[in-house]
Amino acid sequence: MPKTKTNSGAKKRFALTGSGKIKRKHAFKSHILTKKTKKQKRNLTHFTTVAKADVKNIKKLLCIS
């Protein structure tokens, strides 16, 4: 059976934490930042974990069993 390829887009967007959770960045931080408050932009800077409903699909894209 051939090896499965990791999805390149997912590889760039997600990372694994030490405990095995999947880390992601927040959206809405790339452009049109003038109308967003400082607080909003600051809070979007931090990483967060992927929602429980999406974990299975992302693990499939990253070829993680």
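The legends below describe close-up views of a predicted model, moving from the whole chain to single residues.

**View 1. The whole chain, with 3 helices and 3 strands.** Read along the sequence, the elements of this predicted model follow the pattern α-β-β-α-β-α. The radius of gyration is 15 Å, well over the 11 Å that the globule rule gives for 65 residues, so the chain is more spread out than a compact globule. Along the principal axes, the C-alpha trace spans about 50 × 25 × 20 Å. Of the 65 residues, 12% count as buried, and among contacts with a separation of 6 or more, 53% are accounted for by residues 24 or more positions apart.

**View 2. The open sheet, with its strands in the order β1-β2-β3.** The 3 strands of this sheet pair in the antiparallel sense. Strands β1 and β3 stand at the edges, and because each has a single partner strand, one side of each is left without a neighbour in the sheet. Strand β1, residues 15–16, is joined to β2 over 2 bridges, while 3 bridges join β2 to β3, which covers residues 47–49.

**View 3. The hairpin of β1 and β2, with 5 residues between the strands.** Within this hairpin, Gly20 takes a positive phi near 95°. Across the pair of strands, Leu16 has Ile22 of β2 as its bridge partner, and Ile22 also belongs to the largest nonpolar core, which is the subject of the next view.

**View 4. The largest nonpolar core, made up of 6 residues.** The members are Ala10, Phe14, Ile22, Val50, Ile58 and Leu62. When neighbours within four places in sequence are left aside, Ile58 is in contact with three other members of this set, namely Phe14, Ile22 and Val50.

**View 5. Lys23 between strand partner and aromatic ring.** Lys23 stands opposite Thr49 in β3. The charged end of Lys23 sits over the ring of Phe47, at 4.9 Å from the ring centre. As for pairing between aromatic rings themselves, the count for the model comes to 0 aromatic pairs.

**View 6. Phe28, a residue other than glycine with a positive phi.** Most residues other than glycine have a negative phi. For Phe28, by contrast, the phi value is positive and near 65°. Phe28 is found in the loop between β2, residues 22–25, and α2, residues 38–45. With a relative accessibility of 66%, which is over the 50% cut-off, Phe28 counts as exposed.

**View 7. Cys63, in the segment after α3.** The helix that comes before this segment, α3, covers residues 55–61. Cys63 is also a residue other than glycine with a positive phi, here near 60°. The relative accessible area of Cys63 is 33%, and because this value falls between the 20% and 50% cut-offs, Cys63 is described as partly exposed, whereas Phe28 of the preceding view counts as exposed.

Key:
Residues are numbered from 1 along each chain as its sequence is written. This is a predicted model: local features need pLDDT of at least 70, side-chain atom pairs count only at pLDDT 80 or more; totals for chains, interfaces and linings use all residues. Side-chain values use heavy atoms; hydrogens and water are left out. A nonpolar core is a set of buried Ala, Val, Leu, Ile, Met, Phe, Trp, Tyr and Cys residues joined through side-chain atoms within 4.5 Å. Buried means under 20% relative accessible area, exposed over 50%, partly exposed in between (1.4 Å probe, protein chains only). Contact means heavy atoms within 4.5 Å. Helices (H or I, at least four residues) and strands (E, at least two) are DSSP runs, numbered from the N terminus. Two strands pair if DSSP finds at least two bridges between them. Rings of Phe, Tyr and Trp (its six-membered ring) pair if their centres lie within 6.5 Å; planes under 30 degrees apart count as stacked, over 60 as edge-to-face and the rest as tilted. A charge sits over a ring if NZ of Lys or CZ of Arg is within 6 Å of the ring centre and within 35 degrees of the ring normal. The radius of gyration is taken over C-alpha atoms; the globule rule is 2.2 Å times the number of residues to the power 0.38.
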